[in-house]
Amino acid sequence: VTTAITMKGTRSEKDQDAPALSQAELKKQSMQEVRRSLPIFPYRDDLLAAIHEHQILVIEGETGSGKTTQIPQYLLEDGYTKGGMKIGCTQPRRVAAMSVAARVAEEMGVKWVTAFVLRTAHQREPVIIIDEAHERTLHTDILFGLIKDIARFRSDLKVLVASATLDTERFSCFFDDAPVFRIPGRRFPVDIFYTKAPEADYLEACVVSVLQIHVTQPTGDILVFLTGQEEIEACCELLQERCRRLGSKIAELLVLPIYANLPSDMQAKIFNPTPPGARKVVVATNIAETSLTIDGIIYVIDPGFCKQKSYNARTGMESLIVTPCSRASANQRAGRAGRVAAGKCFRLYTAWAYKHEMEETTVPEIQRTNLGNVVLLLKSLGINDLIHFDFMDPPPHETLVLALEQLYALGALNHMGELTKLGRRMAELPVDPMLSKMILASEQYKCSEEVLTIAAMLSVNNSIFYRPKDKVVHADNARMNFVVPGGDHLVLLNVKSLIKTQVSGHHFRARDVRDQLEGLMDRIEVEVVSCQGDSVPVRKAVTAGYFYHTARLSKGGYKTVKHQQTVYVHPNSSLFEEQPRWLIYHELVFTTKEFMRQVIEIESGWLLEVAPHYYKSKELEDSSSKKMPRKQGKTKEELG
Ligand code: ADP
Ligand code: MG
């Protein structure tokens, strides 16, 4: 029985039997019944006893068994919050944090406040829950080391490490052989189907599979795993369009996306029960692999890919790459189909690929990311010796060294490796070091108003100018309305000011981030002032933060200045046709080639001004003094 059905049944029964109960009371009662139906419930008292007995406990349970939503409530019911104490819960993903917080609040009939950043466990929380430990995100891994250390001198602190059924022995081992509490899952069998040959276009294959399931298979919702927002939006559009064309020939298909930047009201929709006669298809990122559980899923479609950060410690370049997911991921995905009944998982790859082309497990993020942020954070917490920090899986040595070098170049560390005053201020901002340096540099260039907006826009989304394959012309025309000379950062600024009144989607998120950053300006003593439309100060501030990301146009195209790596302007960029001589990029994305996403035009002289210790004037000499001929194409005026 799915929880959704239980809830419905309870409500109508009560409606007849006890009309005196108010709606709110009814809701509370049915919620309590749902809570009691979760796999974790029979183990409630044993779990609380184990928590009482041990300082550190690893809790393993199948996804959806109730770890995230129930454990904090059990602790509260058991008196851990007496005297106004707070239980600390950490979630590696923002979307999941908001969604589960909303859910717990609903179950308890209260309002719930979430904080996004846990800096230290200094507030004397009686319990800290490190949730979704198996995800092994950068911050979860850092927390492991910090909390293990804190637990040594705070014997009153309880540490709960909650994980899906993946590698929990490793957690136990890391926390000095902490016991593992296992919640037996209820899993129904899932039939797994592979394709006979590799799929050339997995997006199209997903769309076809969804429609096939919809017309040939019995009731049950579908979950599709894609790698990111653009793919998900494209898939949803294709599905909607084909359903429209088929019209009343097929039953109703509700198409619902879920990814990190989706507005929260849209996110909440995936949990709504499917109306009778219809079918729901949720098109999701990895978020639905273990962090969120959607009841009623019977069919899973898994193309076998995910988007991963990858880091080259030699060149210092970080890129997002779509890669095959691990076997562990594939198995978690399949498991989503067997929560409420026997299910089916359609893998859009061959059985051979599963065996031979996929890695056993996903490499922890700490081993494939730039560590600048982490080093800054740890240094600001007074942890100077990073080489001997207790990492569960240590990052590669050269990555750590490079992070130290970059922070030195940014002026955040002195030659002894200690935080400078600038570094201390940078650490106050919950963003990457380059971004925080850019924000701090805006003080000097008197353009903090503009730079804050750009920082917020950059940190929330990469695709305001999303170009669906079938609507390229339309999208490009729309984009032209916002284009201003100088580069994408300035376009973002323009977009933001033009749509100030229209609060939706990304822009809503961007405003949140901007408000949060602006709130922190006081702490780091930066006055918020505007440069009144002059783009030079803004571009100089960007250069001060991102001088590492400089590319120069030479004969064969763009090359990065320090490592001579060939890179390309992303076709979505406002500078795609323009090809200025010197560029700074915000990030690299590898699809068919290394693309620079979000680029801005700069003058090479500025590099010497903002990073004299990093660039020598000789490196920045132009091979010819003449400007490169501009590429043929329509000018901005012609395009209107
Ligand atoms: P776990 O952490 O063990 O994976 P959860 O506590 O997240 O399990 O989920 C327990 C149950 O709560 C699931 O049945 C899930 O569908 C439900 N649930 C969680 N979040 C929400 C939500 N936002 N809305 C509706 N149901 C939810
Ligand atoms: Mg959970």
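**Exercise 1. Decide whether helix H14 (residues 372–380) is largely enclosed or not, and say why.**

Solution. This is a predicted model.
- Start with the criterion: a residue is buried if 20 or more other C-beta atoms lie within 10 Å of its own.
- Apply it to the helix: 7 of the 9 residues of H14 are buried.
- Name them: Gly 372, Asn 373, Val 374, Val 375, Leu 376, Leu 377 and Lys 379.
- Conclude: H14 is largely enclosed by the rest of the structure because 7 of its 9 residues are buried.

**Exercise 2. Find which helices cover the buried residues of H14, and what follows H14.**

Solution.
- Take the cover: it includes helix H6 (138–153) and helix H15 (397–410).
- Helix H16 (421–427) and helix H17 (433–444) also belong to this cover.
- Move past the helix: Gly 382 follows H14, and its phi is positive, near 85°.

**Exercise 3. Describe the shell around ligand 1: which residues come nearest, and how do the shell residues divide into nonpolar, polar and charged?**

Solution.
- Count the shell: 18 residues surround ligand 1.
- Pick out those that come nearest: Lys 67, Thr 68, Thr 69, Arg 103 and Phe 271.
- Look for helices: H4 (67–77) and H5 (94–108) each supply at least two residues of the shell.
- Sort by class: 4 are nonpolar, 11 polar and 3 charged.

**Exercise 4. Summarise the protein chain: how many helices and strands, and what share of its residues is buried?**

Solution.
- Secondary structure: 24 helices and 18 strands.
- Burial: 40% of the 640 residues are buried.
- Contacts: of those with a separation of 6 or more, 74% join residues 24 or more positions apart.

Technical notes:
Residues are numbered from 1 along each chain as its sequence is written. Chains are lettered from A and ligands numbered from 1 in the order in which they are written. This is a predicted model: local features need pLDDT of at least 70, side-chain atom pairs count only at pLDDT 80 or more; totals for chains, interfaces and linings use all residues. Helices (H or I, at least four residues) and strands (E, at least two) are DSSP runs, numbered from the N terminus. A residue is buried if 20 or more other C-beta atoms lie within 10 Å of its own, exposed if 12 or fewer, and partly exposed in between; C-beta atoms are placed from the backbone. Two residues are in contact if their C-beta atoms, placed from the backbone, lie within 7 Å. A residue is near a molecule or strand if its C-beta atom, placed from the backbone, lies within 6 Å of it. Ala, Val, Leu, Ile, Met, Phe, Trp, Tyr, Cys and Pro count as nonpolar, Asp, Glu, Lys and Arg as charged, and the others, Gly among them, as polar.
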